[in-house]
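Here's a walk through one protein model, from its empty spaces to its sheet and rings. Keep the 3D view open as you read.

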Amino acid sequence: MSSYPAAESDAKTMLPTPRKPLSIAILLNSYRSKFLPAIQASYTKAIGAVAPDARLTFFEPANRPDDDLPDPALFDLIVFGGANVDARKSHMWILRIHHFLLRLVLCHPNQKILGLCWGHQTIARVFGGKIADMDVPEMGVKAVDLTKEGIGFFSSVAKSSNTLMIQQHHRREVVEPGQGFSALAEGNQILMNQQRTILTFQGHPEKDAQTARLRMHDSQRWFGFSSSDEKNWADLDASLELEHQGDVIWERILEWVREPTVDAEMQMDREPHRESKI
């Protein structure tokens, strides 16, 4: 009587295929900042918490203008990070980033792009949006109210919640989204393009309280008090320590990176159905 290793063979066939580790390029856009090592470490920690096998490569276009920018063929996600300059400026290195972004969109339309803080504002600007100074800057963990579309987008990770808690540090905001972008959160705090290839946040999902404290001194320029004002300083510090959802946000970001683009889905729908031959 012959024996057949069918069960073993079927079991091997049914094993899920291991997912390829994501490769992520991150543009650190702060000009001559002593905090760059800490900012880089914050990305490594935040992304590593939800994707330990992700491969991160960092670029500094503001400080190394002659270095190559990321090759999209090598990366699943390209992140346009924060900066210490006004996103409305037109320094040569900033214009180079604008051209790089446009080249990505035109020549690599399926490339996933993420913008954070300055990157959020820069992407809006490149697509015709408007940036303005805020009446009152934001610093510390704040609640971001999701729109109906945003609730749907984040439903897999933020169940039964209409808000996200995120570290904020900005004194400018997007008052008009770029062409083709819709708001996933009120106040244009989170934006996504129609093709679902570009996602941007005004806040900082990569920051924890320790990293956020590095820029607490901005309170002097923004709010008119320093560490010598013990009460206000303590209140600000407490706001940095509030529980935030950076891990939840990164989990959803990386899910989105793996999702097919709208164009790819449409292409699949257009493919003719082939009848099976029996």
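How many cavities of 30 Å³ or more does the structure hold? It holds one. What you're looking at is a predicted model, so local features need pLDDT of at least 70 and side-chain atom pairs count only at pLDDT 80 or more, while totals for chains, interfaces and linings use all residues. Residues are numbered from 1 along each chain as its sequence is written, and side-chain values use heavy atoms, with hydrogens and water left out.

**Empty space**

A quick word on terms: on a 1 Å grid over the protein atoms alone, a cavity is a set of points where a 1.4 Å probe fits but cannot get out, whereas a pocket is an open set with protein on both sides within 12 Å along at least five of seven lines; lining residues have an atom within 4 Å of a point. Grid points are joined across faces, edges and corners, and the volume is the space filled by probe spheres set on them. For the classes, Ala, Val, Leu, Ile, Met, Phe, Trp, Tyr, Cys and Pro count as nonpolar, Asp, Glu, Lys and Arg as charged, and the others, Gly among them, as polar.

| Space | Volume | Nonpolar lining | Polar lining | Charged lining |
|---|---|---|---|---|
| Largest pocket | About 440 Å³ | 13 residues | eleven residues | eight residues |
| Largest cavity | About 30 Å³ | three residues | four residues | one residue |

The largest pocket is lined by 32 residues, and the closest to its centre are Ala-83, Asn-84, Cys-117, His-169 and Arg-215. Helices and strands here are DSSP runs (H or I, at least four residues, and E, at least two), numbered from the N terminus. At least two lining residues of the pocket come from each of α2 (36-50), α4 (118-126), β6 (163-176) and α7 (219-223), and β6 gives the most, with four.

Strand β6 also has the largest share of the cavity lining, three residues. Among the residues lining that cavity are Met-139, Gln-167, Gln-168, His-169 and Leu-240.

**The sheet and its helices**

Seven strands make an open, mixed sheet, in the order β2-β1-β3-β4-β9-β8-β7 (strands pair if DSSP finds at least two bridges between them). At the edges stand β2 (55-59) and β7 (181-183), each with a single partner strand, so one side of each has no neighbour in the sheet. From one strand to the next, the twist averages 20 degrees. Strands β3 (residues 77-80) and β4 (residues 112-116) run parallel and are joined by four bridges; Phe-80 has Gly-115 as its bridge partner in β4.

Helix α3 (residues 92-107) lies across β1 (23-27), β3, β4 and β9 (198-201), at about 150 degrees to β3. Such angles run from 0 to 180 degrees between N-to-C directions, with axes fitted to C-alpha atoms, for helices over the stretch in contact. Helix α4 lies across β3, β4, β7, β8 (190-193) and β9, at about 115 degrees to β4.

Just after that helix, look for Phe-127, in the loop between α4 and β5 (130-145). Leaving aside neighbours within four places in sequence, Phe-127 is in contact (heavy atoms within 4.5 Å) with Leu-101, Val-105, Gly-178, Gln-179, Phe-181 and Ile-198.
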